[in-house]
Structure formats: structure tokens, C-alpha cells
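Welcome! Here is a short guided tour for anyone meeting this protein for the first time. Have a look at the picture, then read on.

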Amino acid sequence: MFSILVVTVILASCLAMPIKDPYSYSSAVGQGGGTPFASYGEGRITAVRVWETNNNYYYYYYYYNSIAYISGFQLRYGSTWSPVFGGEWGEKQEMELFNDEAIVEVSGKYNPADYICYLVLTTNMGRTLSAGQPSQVSFNFYPANMGNELRLLSGRFNGAGITSIGAHWGLVYMEGAGNSTLETALETVTPII
């Protein structure tokens, strides 16, 4: 009997998987000059605003389209907006997320000499918000673990725009918020008394 117990314990320990860290970080890209920032808030990200600046101008009847860049952004956690990181100038793009919708990919382009030129936020429902102009060096951020979502953005900005950006991924545990798959799963469990 004891040998069966020993064999069972050994087999169980061989099959045990180490628990992965539920959080991951996509390293920042960009030149990185200016003031550091990190968005913050309670709960799930429920909306996003991104401002883009286009340096288009006319010179003696000729139209010039120089590089565009991301001048600022803002995230809403639950019903509370974070501060604006960068500036609120240029054209504003905004996306409000549905219940159980989360940002699962951050991609875009950056100029190594100055600004984030293009930003695309993609949700688990396939919707995207894009701002800026797709030129320069590409980047693509996504969580290391399945089921994780964007928790915050960090990086640097100066007086004109966002100079670097990184993404932090993790799980969101929501109690009573009404938009979490974890909450729905917990409601279906019948307690054993």
C-alpha cells in the first residue's frame, strides 16, 4: 500500500506544472526623452482616447505631409479617466469598450529619433483604434499569458508628444463590476455546505 502511495506522489509531482507569473511586460520602444508616465486605475480599461498631430502644411501652393505622431493618450478604468499623458492637441480618436471586451494587442510604429508615430489598440473582439501615420519602425506588444489583457501603458512624453511606450499585461479580478468573465464564472459555482 505504501509503495502505491509513493508511486502516486512521484507521478503527481512529475505532472505538476509550475504556475506562471500572471503578469508580463512588453519593453518600451522609442527615443525615451522627457517626463516618465504610467497610467493607473482600478478595474478593467473601459475606454481609450488618443490624440494625433499631423504636421501637414502648404508652402507656395505645394502640400507637404511630414511625419505625424501621437501627441497624447488617456485610458478610462471603470468610469474614471486617467490623466492625459502627453498633450490634448491634434485630432482625437476615441473607442469605448463593450462589456467583457479588453485590449489584447498594442502595435504601431515609432521614429527612433523622436516620437511614437502610429498606435493601434486591438481588442479581444477584433475591434481596433488607430491613430497617427504608419511610417518608421514597427512594434507589436501582446501578453505572454493567455487570458491576460492590457493593464497599463508606461513610457515618456515631452512638450510635443509621446516619445516612448511600453505595455503591462495582467489579469483583472472584478467584484461587482458586471463586466468580468471571472465574475460570471464565480456566479455559476454552487457552494458545497
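## A tour of the fold

A good place to begin is a pair of charged side chains: Glu-149 and Arg-44 form a salt bridge in which the closest N and O atoms are 2.7 Å apart. This pair joins distant parts of the chain, since Glu-149 sits in strand β12 and Arg-44 in the loop between β2 and β3, 105 residues apart. Both Glu-149 and Arg-44 are buried. Please keep in mind that this is a predicted model.

**The overall picture**

How many helices and strands does the protein have? There are two helices and 13 strands. The protein has 193 residues, and 40% of them count as buried. Among contacts in the protein with a separation of 6 or more, 67% are between residues 24 or more positions apart.

**More salt bridges**

The structure holds six salt bridges. Arg-44 and Glu-149 also belong to a network of salt bridges that includes Asp-100. Three of the bridges are set out here, with the distance between N and O atoms.

| Acidic residue | Basic residue | N to O distance |
|---|---|---|
| Glu-149 | Arg-44 | 2.7 Å |
| Glu-96 | Arg-76 | 3.2 Å |
| Glu-101 | Arg-127 | 2.9 Å |

Take the pair of Glu-96 and Arg-76, whose closest N and O atoms are 3.2 Å apart. Glu-96 belongs to strand β7 and Arg-76 to strand β4, so this salt bridge links distant parts of the chain, 20 residues apart. Are the two partners buried or exposed? Glu-96 has a relative accessible area of 47% and is partly exposed, whereas Arg-76, with 15%, is buried.

Next comes the salt bridge between the side chains of Glu-101 and Arg-127, at 2.9 Å from N to O. Glu-101 is in the loop between β7 and β8, and Arg-127 is in the loop between β9 and β10, so the pair ties together parts that are 26 residues apart in sequence. Glu-101 is buried, with a relative accessible area of 0%. Arg-127 counts as partly exposed, at 26% relative accessibility.

**Two loop residues with positive phi**

Let us turn to the backbone. Most residues other than glycine have a negative phi. Which residues here have a positive value without being glycine? One of them is Asp-100, with a phi of about 65°. Asp-100 lies in the loop between β7 (91-96) and β8, and counts as partly exposed because its relative accessibility is 29%. Gln-136, also not a glycine, has a positive phi near 95°. Gln-136 is found in the loop between β10 and β11. With a relative accessibility of 41%, Gln-136 counts as partly exposed.

**An open sheet**

Four of the strands make up an open sheet with antiparallel pairing, in the order β1-β13-β12-β2. At the edges are β1 (24-30) and β2 (35-38), each of which pairs on one side only. From one strand to the next, the twist averages 15°. Between β1 and β13 (residues 162-170), the antiparallel pairing runs over five bridges. Which residue of β13 is the bridge partner of Tyr-25? The partner is His-168.

Strand β1 also contains Ser-24. Ser-24 counts as buried because its relative accessibility is 16%, and the cut-off for that label is under 20%. A polar atom of the Ser-24 side chain lies 3.2 Å from the backbone nitrogen of Ala-144. Leaving aside residues up to four places away in sequence, Ser-24 touches Pro-143, Ala-144, Ala-167, His-168 and Trp-169.

**The nonpolar core**

Our last stop is the interior. In soluble globular proteins, nonpolar side chains tend to be buried together. The largest nonpolar core of this protein has 29 residues, and Val-106 and Phe-139 have the most contacts inside it. Which strands supply at least two residues each to this core? They are β3 (45-59), β4 (62-77), β8 (103-110), β9 (116-123), β10 (128-132), β11 (137-141), β12 (149-157) and β13.

What does Val-106 touch, not counting residues up to four places away in sequence? Its contacts are Leu-119, Val-120, Leu-121, Phe-139, Asn-140, Phe-141, Leu-150, Leu-153 and Trp-169. Trp-169 is thus a meeting point of the tour, touched by Val-106 and also by Ser-24.

Key:
Residues are numbered from 1 along each chain as its sequence is written. This is a predicted model: local features need pLDDT of at least 70, side-chain atom pairs count only at pLDDT 80 or more; totals for chains, interfaces and linings use all residues. Side-chain values use heavy atoms; hydrogens and water are left out. Two strands pair if DSSP finds at least two bridges between them. Axes are lines fitted to C-alpha atoms, for helices over the stretch in contact, and angles run from 0 to 180 degrees between N-to-C directions. A nonpolar core is a set of buried Ala, Val, Leu, Ile, Met, Phe, Trp, Tyr and Cys residues joined through side-chain atoms within 4.5 Å. Buried means under 20% relative accessible area, exposed over 50%, partly exposed in between (1.4 Å probe, protein chains only). Contact means heavy atoms within 4.5 Å. A salt bridge is a side-chain nitrogen of Lys or Arg within 4 Å of a carboxyl oxygen of Asp or Glu. A polar contact is a pair of N or O atoms within 3.5 Å; within protein, one must be able to donate a hydrogen and the other to accept it, and residues adjacent in sequence count only if both atoms are side-chain atoms.
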